[in-house]
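Reader: Got a minute to walk me through this model? I'd like the layout and then some residues.

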Amino acid sequence: GMKMTYKDLLDFKNQFIVDRVYQTIKNKEDNEELEDAYHEMIEQDSIHMIVCGDVEEQEIREMVQKHLPCKDRNASVETYYTVSNSIHDEYKEAYKNISQTSIMMVWFSNTSVMDDHYYALRVANAIFGQYSTSFLFQEVREKNSLCYSIFSNLISYDGALGVTTGVEKKYIKKTIA
């Protein structure tokens with residue numbers, strides 16, 4: 001597996017600090033306020049780190065503690081998580097001056113990666129819309145010529161299944177039906 005290097009961690013640290021400080025100071029005018037905002041971030045902000053790959057948890061923990069000058073916080077280490085969502089039918093539109101309409105539909109399964117049904121959900125997603133041999137691609141795009149592209153993806157740690165398509169405006173209703 002791929003290991004996180006010291007350089008990778010520093011690159012992440014530097015980009016994180018630059019992004020956070022920029023967001024904090026973009027409307028501030030003096031350096032004292034900037035310094036106060038930086039110290040507030042280091043001392044109080046919530047920090048979430050996600051590390052993926054073949055890594056040693058203790059090694060990563062030690063690198064983070066050594067190279068990120070943050071004060072101690074209540075730490076919790078979770079080897080997985082899933083988002084529980086109670087959003088019900090919600091519809092949002094954003095208009096752009098482009099010829100193709102993009103549609104993203106999301107269904108929350110609230111299925112954790114540790115759930116007994118997780119791998120069945122992965123197989124169902126593959127059959128439904130993950131590949132060019134899938135149901136969505138064959139029926140919606142190939143057979144009915146309703147869209148330029150269509151695919152589904154499993155957003156595993158959010159417990160969600162998404163379907164994304166690029167379609168001409170005149171075919172929107174028929175494509176999502």
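Author: Here is the overall layout, followed by the sheet and then single residues.

Author: Keep in mind that this is a predicted model: local features need pLDDT of at least 70, side-chain atom pairs count only at pLDDT 80 or more, and totals for chains, interfaces and linings use all residues. Residues are numbered from 1 along each chain as its sequence is written, and side-chain values use heavy atoms, with hydrogens and water left out.

Reader: Fine. How many helices and strands are there in the protein chain?

Author: The protein chain has six helices and three strands. Helices (H or I, at least four residues) and strands (E, at least two) are DSSP runs, numbered from the N terminus. Read from that end, the order is α-α-α-β-α-α-β-β-α.

Reader: And what share of the residues is buried?

Author: Of the 177 residues in the protein chain, 22% are buried. Buried means under 20% relative accessible area, exposed is over 50%, and partly exposed is in between (1.4 Å probe, protein chains only).

Reader: What about contacts between residues far apart in sequence?

Author: Among contacts with a separation of 6 or more, 61% are between residues 24 or more positions apart. A contact here is heavy atoms within 4.5 Å.

Reader: OK, the sheet. What's the strand order?

Author: The order is β1-β3-β2, in an open sheet of three strands with antiparallel pairing. The edge strands, β1 and β2, each pair on one side only. From one strand to the next, the twist averages 15 degrees. Two strands pair if DSSP finds at least two bridges between them.

Reader: How many bridges are there for each pair?

Author: Eight bridges link β1 (residues 101-108) with β3, and seven link β2 (residues 149-155) with β3. Gly 162 in β3 is the bridge partner of Val 106, and Gly 162 is also the bridge partner of Asn 153. Another facing pair is Ile 155 and Ala 160 in β3.

Reader: So is β3 buried or exposed?

Author: Mostly covered: in β3 (residues 160-167), seven of the eight residues are buried.

Reader: What's in the turn between β2 and β3?

Author: That hairpin has four residues between the strands, and Gly 159 takes a positive phi near 60 degrees.

Reader: Which helices pack on the sheet?

Author: Helix α4 (residues 118-130) packs there, touching β2 and β3, and its direction makes about 170 degrees with that of β2. Helix α5 (residues 135-143) also packs on the sheet through β2 and β3, at about 155 degrees to the direction of β2. Axes are lines fitted to C-alpha atoms, for helices over the stretch in contact, and angles run from 0 to 180 degrees between N-to-C directions.

Reader: Which residues make up the largest nonpolar core?

Author: It has eight residues: Ile 103, Leu 136, Val 140, Leu 146, Cys 147, Ile 150, Val 163 and Val 167. The elements giving two or more residues to this core are α5 and β3. A nonpolar core is a set of buried Ala, Val, Leu, Ile, Met, Phe, Trp, Tyr and Cys residues joined through side-chain atoms within 4.5 Å.

Reader: What does Leu 136 touch?

Author: Beyond neighbours within four places in sequence, Leu 136 contacts several residues, including Phe 128, Ile 150, Phe 151 and Val 163.

Reader: Switching over to Asn 125. Is it buried or exposed?

Author: Asn 125 counts as buried because its relative accessibility is 4%. It's in helix α4, and residues it touches include Ser 152, Asn 153 and Leu 161, not counting residues up to four places away in sequence.

Reader: And Met 104?

Author: Met 104 is in strand β1, and it is partly exposed, with a relative accessible area of 44%. The C-alpha atoms of Met 104 and Thr 165 are separated by 6.7 Å, though the two are 61 residues apart along the chain.

Reader: Last one: what's the arrangement of the Tyr 118 and Tyr 119 rings?

Author: Their ring centres are 5.0 Å apart and their planes are at 80 degrees, so the pair is edge-to-face. Rings of Phe, Tyr and Trp (its six-membered ring) pair if their centres lie within 6.5 Å; planes under 30 degrees apart count as stacked, over 60 as edge-to-face and the rest as tilted. Tyr 118 counts as buried at 6% relative accessibility, whereas Tyr 119 counts as exposed at 59%.
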